[in-house]
Amino acid sequence: EGLHTAPRLVIRQPGISPYAVTLKLVGPRTWRVTFTVRKSSIGTLALTVSARDSANRAQSTKLTLPVR
């Protein structure tokens, strides 16, 4: 299914404000993003990708990882 909007990645790190980056279309159905994890406290890093699908419905997925 195609996307109505470009996906955005929101990065949440312990002790700092969330920040976002927009993914780049690199193929017919392939999106890519590169970012550098900022220095932060020990805790949990949360990565959330969200976009609107071709029917304009909100879609998202989240991954959490430990920060040591």
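**Group meeting talk: a chain of six strands**

Let me start with one pairing. R8 has T22 as its bridge partner in β2. R8 also has a bridge partner in β5, and that one is S50. Keep R8 in mind while we go round the chain. One caution before that: this is a predicted model.

Now the overview. The chain has 68 residues. Its secondary structure comes to six strands and zero helices. Along the sequence the pattern reads β-β-β-β-β-β. The C-alpha atoms fill a box of roughly 40 × 20 × 15 Å along the principal axes. Of the residues, 22% count as buried. What about contacts across the sequence? Take those between residues at least 6 apart. Of these, 48% join residues at least 24 apart.

Next, the sheet. Which strands form it, and in what order? Four strands do, in the order β2-β1-β5-β6. The sheet is open, and the pairing is antiparallel. At the edges sit β2, residues 19-22, and β6, each pairing on one side only. On average, neighbouring strands of this sheet are turned by 20 degrees against each other, direction ignored.

Let's look at β1, residues 8-12. How many bridges join β1 to β5? Five, and the two strands run antiparallel. On the β2 side, four bridges join β1 to β2, again antiparallel. R8 shows both sides at once: T22 is its partner in β2, and S50 is its partner in β5. V10 does likewise. V10 stands opposite A20 in β2, and in β5 its bridge partner is T48.

β1 also has two faces. L9 and I11 make up the covered face. R8, V10 and R12 make up the uncovered one. So much for the strand itself.

How does the chain get from β1 to β2? Through a hairpin, with six residues between the strands. Look at G15 in that turn: G15 has a positive phi of about 85 degrees.

There is a second hairpin, made by β3 and β4. Here, two residues lie between the strands. β3 covers residues 24-27, and β4 covers residues 30-32. They pair in the antiparallel sense over three bridges. One example: the bridge partner of K24 in β4 is R32.

Now rings. How many aromatic pairs does the structure hold? Zero. There is a charge over a ring, though. R38 lies over the face of Y19, at 3.6 Å from the ring centre. Y19 belongs to β2, residues 19-22, one of the edge strands.

Two residues deserve a closer look. Take D53 to begin with. Where is D53? In the loop between β5, residues 43-52, and β6, residues 58-67. Is D53 buried or exposed? Its relative accessible area is 3%, under the 20% cut-off, so D53 counts as buried. What does D53 touch? Leaving out residues up to four places away in sequence, D53 touches E1, G2, L3, H4 and Q59. With Q59 there is also a polar contact: the two side chains are joined at 3.1 Å. Q59 falls within β6, residues 58-67. In short, a loop residue has a side-chain polar contact to Q59, and touches residues E1 to H4 as well.

The other one is V67. V67 is found in strand β6. Its relative accessible area is 15%, again under 20%, so V67 is buried too. Its contacts, again without residues up to four places away, are P14, S40, S41, I42, G43, T44 and L45. Three of these names, G43, T44 and L45, fall within β5, residues 43-52. What separates V67 from V33? Along the chain, 34 residues; between their C-alpha atoms, 20 Å.

To wrap up, three points to take back to the structure. The open sheet runs β2-β1-β5-β6. β3 and β4 form a hairpin. And D53, in its loop, is buried at 3%. Thanks, I'll stop there.

Methods: Residues are numbered from 1 along each chain as its sequence is written. This is a predicted model: local features need pLDDT of at least 70, side-chain atom pairs count only at pLDDT 80 or more; totals for chains, interfaces and linings use all residues. Side-chain values use heavy atoms; hydrogens and water are left out. Buried means under 20% relative accessible area, exposed over 50%, partly exposed in between (1.4 Å probe, protein chains only). A polar contact is a pair of N or O atoms within 3.5 Å; within protein, one must be able to donate a hydrogen and the other to accept it, and residues adjacent in sequence count only if both atoms are side-chain atoms. Contact means heavy atoms within 4.5 Å. Two strands pair if DSSP finds at least two bridges between them. Axes are lines fitted to C-alpha atoms, for helices over the stretch in contact, and angles run from 0 to 180 degrees between N-to-C directions. Rings of Phe, Tyr and Trp (its six-membered ring) pair if their centres lie within 6.5 Å; planes under 30 degrees apart count as stacked, over 60 as edge-to-face and the rest as tilted. A charge sits over a ring if NZ of Lys or CZ of Arg is within 6 Å of the ring centre and within 35 degrees of the ring normal.
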